[in-house]
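Student: Can we go through this structure together? I want to know what the terms rest on.

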Amino acid sequence: MNRMQKMSWMMVICIGTALILSAMAITILYFKIGFPRAWAGWSFMGIAGFGGLAPLIFKKDPGPIQADERDQLINLKAARAGFAISYGVFGLLCMGIWEYYRHQNIETISIHLLPQLFMAAGITAFFTHALTILVLYGKDNKQIEGGPA
Amino acid sequence: MNFIKGKKQRIVIAVSVAIILCGFAMIPLSRKADDFPHDIWTHLITLMTMAGGGGIGAVISLHIMSRRSKQKFNTRQDSQINQLRKKAREDFLALCAMSVVGLSFFGFATYANMSGVKYLLFGLCPVCVMVALAAFGVFKEQEKRNPPLFDEREFYLIQRAIHWGNNCFMAYAVLAMVTAFNLIGGRGMIPVWTLPLALFSGLFLAGTVQFIFLMHHAKQDDKQTEGGPA
């Protein structure tokens, strides 16, 4: 497992844990105190930030070559996938919120919605990027194992 | 329907026409329901009509695109075209078209909401979805038939252009958010239409950055060709 894969695993685990804990906290708080206070469960998403420490935890390899062409291509593909999905999420959220509030005849929204939207798009980008790296490496490894001798 | 050769395309057209006819046949039925035209029947008829229209539109666009691509393919083989410039122009034109259509829809929806003719939107939304799906299908089909002939360097530059566009989109989104907080304050309210506007303007910015990046490198390609060794 190379450095990129280790970093991706850490990112996936951190974001996955944050999402699961947030969902659990919101559910528990909903039954205890109800909305809107239950939304405080989103604060567990802060755990996702630990994924950003991955480059510090997994040091660069001592050799002169850090990544070959295949690694770069996988990273490029994963970055594109991450951005594509996050664009989709951002677009859906923007248009969905607009459509919902338009039907409710509400013309203004709280400004706090902006960072939440941006956070959702950002987390999606990072999560998809990391996940795509793992999937692509897994696929390549399978092809190598099952390929002709 | 002699001009449509494909069996699948004929089936799609037949199904689309049948859906539209069924939609029309349901109009007298729907009149018996309460609260016409704001009931579920109207939505169903609208959706059916638009789905049929979208299917026919997709088949016609596919047909036209495949004919044009064959004509273009013959002329392209002999002529040397700066691929980067061509791609940049095509992408930018598509972006402009999408922005015009998107903003027109957005403006119309806001107007319709203000003037109380919301029911018009029930027809327009499916049209937009179907047209977008048809356009995406046409684009994918076109790409499959005529894959772009980029060399490694051009491919790398295109990737970098996309990367630059994405980064600019992110920077723009952060800047817009920070500016909004500074102008309005932490407890302020913003109009709902700022969300789609931010989305469209951000996408347009990202596309423009890609266009400028590719055109810059296309110009460098031209210079190297003119001033390079014989």
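Tutor: Here are some questions about helices, burial and cores.
Tutor: This is a predicted model: local features need pLDDT of at least 70, side-chain atom pairs count only at pLDDT 80 or more, and totals for chains, interfaces and linings use all residues. Residues are numbered from 1 along each chain as its sequence is written, while chains are lettered from A and ligands numbered from 1 in the order in which they are written.

Student: What makes the pattern of chain A?
Tutor: Helices are DSSP runs of H or I with at least four residues, strands are runs of E with at least two, and both are numbered from the N terminus. Chain A has four helices and one strand. Along the sequence they read α-α-α-β-α.

Student: How do you know what span is expected for α5(B)?
Tutor: The expected span is 1.5 Å times one less than the number of residues. Helix α5(B), residues 152-184, has 33 residues. Its first-to-last C-alpha reach is 48 Å, close to the 48 Å expected.

Student: Why is Phe169(B) called buried?
Tutor: A buried residue has 20 or more other C-beta atoms within 10 Å of its own, with C-beta atoms placed from the backbone. Phe169(B) is among the buried residues of α5(B), so it meets that cut-off.

Student: What makes a nonpolar core?
Tutor: Buried Ala, Val, Leu, Ile, Met, Phe, Trp, Tyr and Cys residues, joined through C-beta atoms within 7 Å. The largest has 26 residues; Ile15(A) and Leu195(B) are among those touching the most other members. Another core, apart from it, has 10 residues, including Leu157(B) and Phe211(B).

Note on methods. A residue is buried if 20 or more other C-beta atoms lie within 10 Å of its own, exposed if 12 or fewer, and partly exposed in between; C-beta atoms are placed from the backbone.
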